[in-house]
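Please keep the sequence and the three-dimensional view side by side as you read. The paragraphs below move from one region to another, and it helps to find each residue before going on.

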Amino acid sequence: MKSCLLFSPLFLLILLVTPFYNAIAQKKSLDQKVDSVLRLMTLDEKIGQMNQYNGDWAATGPITKDGDKQEQIKKGMLGSMLNVTGTDHTRTLQQLAMQSRMKIPLLFGQDIVHGYRTIFPIPLAEAASWDLPAIELSARVAATEGAAAGIHWTFAPMVDIARDPRWGRVMEGAGEDTYLGSLIAAARVKGFQGKGLGNTDAMMACAKHFAAYGAAVAGRDYNSVDMSNRQLLETYLPPFEAAAKAGAATFMNSFNDLNGVPASGNAYLQRTILKGQWGFKGFVVSDWGSIGEMINHGFVKDNYEAAMAAANAGSDMDMESRSYIQNLAKLVKEGKVKIAVIDDAVKRILRKKFEMGLFDDPFRFCNEARENEQSNNPAHITAAREVAKKSIVLLKNEKQLLPLSKDVKNIALIGPFVKAKSDNLGFWSYDWPDDTARIVTLWEGVKSKLAAGSNVLYAKGCEIKDTSRAGFSEAVAAAMQADVVVMTVGEARDMTGEAKSRSVIRLPGVQEELVKAIVATGKPVVVLMSAGRPLVFNWIADNVPAIVYTWWLGTQAGNAIADVLFGDYNPSAKLPISFPRTEGQIPIYYNYYNTGRPAKNDSDLNYVSSYIDLPNSPKYPFGFGLSYTSFSYGDIELSKPVFKPTEKLVVKCTVINTGNYDGEETVQLYIRDLVGSVVRPVKELKGFKKIQLKKGASTTVEFILTANDLRFYNDKLQYIFEPGDFKVFVGGSSASVKEAGFTLVK
Ligand code: BGC
């Protein structure tokens, strides 16, 4: 009956004469509201909702220009746009959408990855904080600023596990570990979506890139991925599942093929797993042009086949391929894509538009006063500094060279990043000319800490990438006059990110030579490494007394680094990814399998799994990071040596602050399943706790393990635990742990 009424001319008349969506009764359930709209739509209008175009700027791929976008919006041929920003701009485009027959509001999306106006550390750096509330806060601020500028949807978080630092997009994720990555994925989704869609400070999150994009062969961006389904389920998919469980409104598929099937045409990923097993109710957007790129993959012949493969596989929205808008109507008419497939995709998209409140008021995100207030909100700057401090990793501190005294008489700041502005922001950040003044350089950060009588010397020394050594002598002269030298070296902002894979991940240009020249002066040297990925820097690691990994820290970089250098903040971050000794070790990660011929140690070469020219261990292991204080770990105490699946195992360990500063430690718990029906990693992170300890104080850290923590995918892809013997490890890094053993019985 209801559907007859909805189709009746009377109902249509009512719709046309009343403010459009008031007629869709408030009391209806969301599904009913969505259905009510869907029923009124023509096939072309439905396909329009599945179509997304780029705005005018910030393209990461080729833009296909086919027709006037504005006219297409008025005809209802567009469901969403990306890279359109600002309340003015979004309002203008939304007004065009209101001229379309169905008046369905547009969704505006953008890559707001680590901040919009206030830039936070790159995601990999934030992951080093292991601080979930801080990471959530960063996403919250980004969403508040983005939503205030008219943007409904961020293409973040990237939750791809990455074990290959050659891959430029390693900067966008949470590193190599599935457990840590899953918690961070959920924190970021919660941060972006805040108290829920429908609030004007919430943006829809988008978990990407579904799936396994981080395992691109040889770390080359957009490359193929080939892995067992067991590896996929166990290592690469859990952060996506965590994002879905945390309520991520959308997913983005990926450029790569997975075991021969491009992700955009991959029904196993999108239909069986995401929408089937995980019950995901949101929609899936393709990556930029990835539907059309299935032609290049050699998976489909043309755009017609591309649209068919993608729609049938569960890709709901086409970003910039124009495959859907050009082919879906014909495919439906020819019976190659069922109308039910189209309806399902459109319902998913409409549902999110309803949840965002856009049917109630399409302009609710277009509030200029809010935009001004949020983009200059001082609380955001404070938050950015806090998160940046927590992301800085202290890698080496011989003879307690750090922290420096604020009364230092002569300090030299040397290197191409000392006065750099936008290089602090890193990839996936936007240049707002108005905001340049807000970026705090290292120079400014350091000067603000020093006593009035301190003399701050400066020399750039060299450019980031150039090979000129012309500035070396000036830099050496500055160092000679200094009591201590702080050097900043690293990668330019455009050297790590999308399409920024590198085969050699060392300092570009002559920066390492500059460091050598300055160290040769005999002055104490602190090196700050500014980069989006783990770099290889063995000479520096072995010859410079103090090394701080400062990544790309964002708007407040200079202040945050100065907080650490002068001891106002005691560094607490831990590496979320292993740092290789050379590129030849890649992929390198802590949770490898033991093999049949494990090396006993780094110098064991006796027909074991090793290199004849290189130790197996990384330069810096996963979970590693120093503090100005030191922590010692007592022995592990277990509540019982044997436990049953119905029971809990309590793991306790006492940690003492044995150094001279109050400090924060991230206590990490790993397990090893000694014998499994499929082989298990030598260590797997299963818990961590951040603790604050005053100097001399101690505390007992407690973890609870249950049989669920011991699950894995067996060779039948069942997620099970198996009775048997396990090891449990607790420590301050994956390579420095106490250990104990327990047994799980039936
Ligand atoms: C990237 C996505 C991004 C999209 C839109 C693509 O090239 O792979 O991560 O969201 O562009 O900018």
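The model shown here is a predicted one, and a good place to begin is its strand pairing, where strand β26 (residues 724–733) and strand β27 (residues 736–744) run antiparallel and are joined by nine bridges. Within this pairing, Phe726 has Phe742 of β27 as its bridge partner. Both strands belong to an open sheet of five strands with mixed pairing, whose order is β19-β27-β26-β21-β22. Because β19 (642–643) and β22 (684–693) stand at the edges and have a single partner strand each, one side of each is left without a neighbour in the sheet.

A further strand to look at is β6 (residues 250–253), which pairs in the parallel sense with strand β5 (residues 206–210) over three bridges, and which also pairs in the parallel sense with strand β9 (residues 283–285), again over three bridges. On the β5 pairing, Cys206 has Thr250 in β6 as its bridge partner, while on the β9 pairing Phe251 stands opposite Val284. In a regular strand the side chains alternate between the two faces of the sheet. In β6 both faces are covered, since Thr250 and Met252 on one side and Phe251 and Asn253 on the other are all buried.

The aromatic residues of this region can be followed from ring to ring. A pair of aromatic rings is described by the distance of the centres and the angle of the planes. The count of aromatic pairs comes to 30, and one of them is formed by Phe210 and Phe240, whose ring centres are 5.1 Å apart and whose planes stand at 65°, so the pair is edge-to-face. This pair links distant parts of the chain, for Phe210 lies in strand β5 and Phe240 in helix α11 (residues 238–245), 30 residues apart. Phe210 counts as buried, at 0% relative accessibility, and Phe240 is buried as well, with a relative accessible area of 0%. Phe240 also forms an aromatic pair with Phe251, and this pair is tilted, with 5.9 Å from centre to centre and 40° between the planes. Here helix α11 is linked to strand β6, the two residues being 11 apart in the chain.

Which residues of helix α21 (residues 511–519) are buried? They are Gln511, Leu514, Val515 and Ile518, and because they cover an arc of only 100° around the axis, they lie on the same side of α21. What covers them includes β12 (410–414), α20 (472–480), β14 (484–490), β15 (525–530) and α22 (538–543).

The loop between α23 (557–565) and β17 (631–633) holds Arg581, and Pro615 is found in that loop too. Is Arg581 buried or exposed? With a relative accessible area of 18%, Arg581 is buried, whereas Pro615, at 24% relative accessibility, counts as partly exposed. A polar atom of the Arg581 side chain lies 2.6 Å from the backbone oxygen of Ser617. Leaving aside neighbours within four places in sequence, Pro615 is in contact with Arg581, Gln585 and Asp602.

Finally, there are places where a charged side chain meets a ring. Arg163 lies over the face of Tyr589, 3.6 Å from the ring centre, and the charged end of Lys419 sits over the ring of Trp443, 4.3 Å from its centre.

Key
Residues are numbered from 1 along each chain as its sequence is written. This is a predicted model: local features need pLDDT of at least 70, side-chain atom pairs count only at pLDDT 80 or more; totals for chains, interfaces and linings use all residues. Side-chain values use heavy atoms; hydrogens and water are left out. Buried means under 20% relative accessible area, exposed over 50%, partly exposed in between (1.4 Å probe, protein chains only). Helices (H or I, at least four residues) and strands (E, at least two) are DSSP runs, numbered from the N terminus. The arc is that of the directions from the helix axis to the C-beta atoms. Contact means heavy atoms within 4.5 Å. Two strands pair if DSSP finds at least two bridges between them. A polar contact is a pair of N or O atoms within 3.5 Å; within protein, one must be able to donate a hydrogen and the other to accept it, and residues adjacent in sequence count only if both atoms are side-chain atoms. Rings of Phe, Tyr and Trp (its six-membered ring) pair if their centres lie within 6.5 Å; planes under 30 degrees apart count as stacked, over 60 as edge-to-face and the rest as tilted. A charge sits over a ring if NZ of Lys or CZ of Arg is within 6 Å of the ring centre and within 35 degrees of the ring normal.
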